[in-house]
Amino acid sequence: MSADPLVVGVDFGTLSGRAVVVRVRDGAELGSAVTEYRHGVVDRELPATGRALPPEWALQVPSDYVDVLRTAVPAALADAGADPADVLGIGTDFTACTMVPATVDGTPLCELPEFAENPHAYVKLWRHHAAQPQADRINELARARGEKWLPRYGGLISSEWEFAKGLELFEEAPDVYAATRHWVEAADWIVWQLTGSYVRNACTAGYKGILQDGQYPSRDFLRELAPGFESFVADKLEHPLGQLGDRAGTLTAEAAAWTGLPEGIAVAVGNVDAHVTAPAARAVEPGQLVAIMGTSTCHVVNGAELREVPGMCGVVDGGIVPGLWGYEAGQSGVGDIFGWFAGHFARESHDELTRLAARQEVGEHGLVALDWHSGNRSVLVDHDLSGVVVGQTLATRAEDVYRALLEATAFGTRKIVETFAEAGIPVTELIVAGGLTKNALLMQIYADVTNLPLSVVGSAQAPALGSAIHAAVAAGAYPDIRAAAGAMGSARSAVYEPVPAHVTAYDELYAEYTTLHDYFGRGTNDVMHRLAARRRAVAKGRS
Ligand SMILES: Nc1ncnc2c1ncn2[C@@H]1O[C@H](COP(=O)(O)OP(=O)(O)O)[C@@H](O)[C@H]1O
Ligand SMILES: O=C(CO)[C@@H](O)[C@@H](O)COP(=O)(O)O
């Protein structure tokens, strides 16, 4: 073994894949590289046919992920000036629930000529929200039958997760469903490309695949949901599991040629971009909540005990680190909302809008917004909800709305933190990670709105570093994730402190947010559902 061993971590985000080369002994990041996905998010038309996609669709092209292995990994090695022979292992993380319909050998169905023109044969990205009607039925039936797994998901299964998307495939594309041998998380599909064998990771199986206490939803439940769907688990989903930090296998000759890494090195079990970030932030103890803020935000926090938190995404035994209950919540749209507004309405850069918005006092714009442009993941778990900005006048400027949207996402995070605390999972430290940490105004707003000091993860590529930490454990360099996190992870404490005057002003605006939140989100006024149904009906009629 080399005197100073290295590991590689690769983070597959929504828009790009990022690779880092990391020193095992201290987590120093020696080099990195980014590859944007060639097809990005396919949400308007299918590249193969040019056919328009219905609203709420979001697909990806799996060969884009392999391109990351071919380009970002060698580029990161070159950037680090690293000798590939020093690399002990590679770890990866992915967005989730991002699903690949695959054949028995892992070939994505969209790569078969007979399915290349069928949108259902492509990867359904986490933010594909067209399965909301299926999710609604799953929830209704699970509630009626008193299914024991439902409270583990805050009482609601999301349209983003494996069963809702699986049912959508079963009902809307029976031919693609029939040809699907494995309904695979992209997190596991990429590991399959690296090792040549399929291992299902325990993290996504628990959070997105309704695997609780070793059991999936029963055949009986699935039959009642949709006759014929009862064999979904046995036929498409069930597969041997790998635990976080375990070795999934070793790098194949083919993957070694793609990446420039040595054949036979350790490949870690797949993981989710959010959960893998906790060790990068050294947040492996109860109460330390990590918010990974990018296109969306995921919140992950460990707890010593099992609690039922309304509207959480899920609680999984060992879902973040072995030995603790891992809790997840999330906001489906955060950076995506800012990007949508900046691109379509303001036509200004984030930096310019932020610069103008930062000049304002709290409340000066006279606005309050709801951050539901991509639906609400927590705590309402409803992707038929949509965005609102209240208070606009002819004097309202683009930077005012931009600031209101930044604030709305902070209110959404406060709602989640308060819901955790009320359910017996107090948040003692808020640690932020992800691309949005570069926006200092946004960070200050989060500190002010939550009234918590904000720690910032030490790495600009925290998920990729987290994957590298898992690679080090899988390679046997550390006994477990906790030990590796202690040596390789980092966070700077209390980088943003709440400003008392802002805290008071935001308390008042948060009360307005809560009123709107409950009015539109908890059934007082169902206008958003009616509009979503109408939009869906028009799109259906057109297709
Ligand atoms: N300066 C900025 N301020 C606020 N949002 C930004 C800024 N720059 C980029 N964004 C938004 O951040 C998101 C990308 O976040 P990032 O963490 O890089 O990606 P991912 O979520 O794919 O991991 C995009 O949605 C973009 O609109
Ligand atoms: O939902 C999860 C994890 O559970 C995320 O993968 C998903 O929100 C996508 O994250 P990004 O916004 O790409 O960082």
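This is a short chat about a predicted model, covering its cavity, its nonpolar cores and one helix.

Colleague: How many cavities of 30 Å³ or more does the structure hold?

Modeller: One. About 30 Å³ of space lies in the largest cavity.

Colleague: Which residues line the largest cavity?

Modeller: The lining is made up of Gly 330, Gln 331, Ser 332, Asp 371, Trp 372, Gly 375, Asn 376, Arg 377 and Ser 378.

Colleague: And how do the residues of that lining divide?

Modeller: Six are polar, two are charged and one is nonpolar.

Colleague: Now the cores. In the largest nonpolar core, which residues touch the most other members?

Modeller: Tyr 327, Phe 338 and Phe 420 do, in a core of 63 residues. Helix H13, residues 398-422, gives the most to this core, with 11 residues.

Colleague: What lies apart from it?

Modeller: Another core, of 46 residues, lies apart from the largest one. Phe 115, Ile 138, Ile 210 and Leu 211 are among its members.

Colleague: Changing topic to H15. Why should helix H15 span 18 Å?

Modeller: Helix H15 runs over residues 462-474, and at 1.5 Å a residue its 13 residues should span 18 Å, because the expected span counts one less than the number of residues. The end C-alpha atoms of H15 are 18 Å apart, which agrees.

Colleague: Is H15 mostly covered or exposed, and how many of its residues are buried?

Modeller: H15 is mostly covered, with 13 of its 13 residues buried.

Colleague: What comes just after H15?

Modeller: Gly 476 is found just after H15, and takes a positive phi of about 85 degrees.

Methods: Residues numbered from 1 in each chain as written. Chains lettered and ligands numbered in written order. Predicted model: local features only at pLDDT ≥ 70, side-chain atom pairs only at ≥ 80, totals over all residues. Heavy atoms only, no water. 1 Å grid on protein atoms, 1.4 Å probe; cavity = no way out; pocket = protein on both sides within 12 Å on 5 of 7 lines; lining within 4 Å. Points joined across faces, edges and corners; volume = space filled by probe spheres on them. Nonpolar A, V, L, I, M, F, W, Y, C, P; charged D, E, K, R; others polar. Core = buried A, V, L, I, M, F, W, Y, C linked by side-chain atoms within 4.5 Å. Buried < 20%, exposed > 50% of the residue type's maximum accessible area, 1.4 Å probe, protein only. Helix = DSSP H or I, 4+ residues; strand = E, 2+ residues; numbered from the N terminus.
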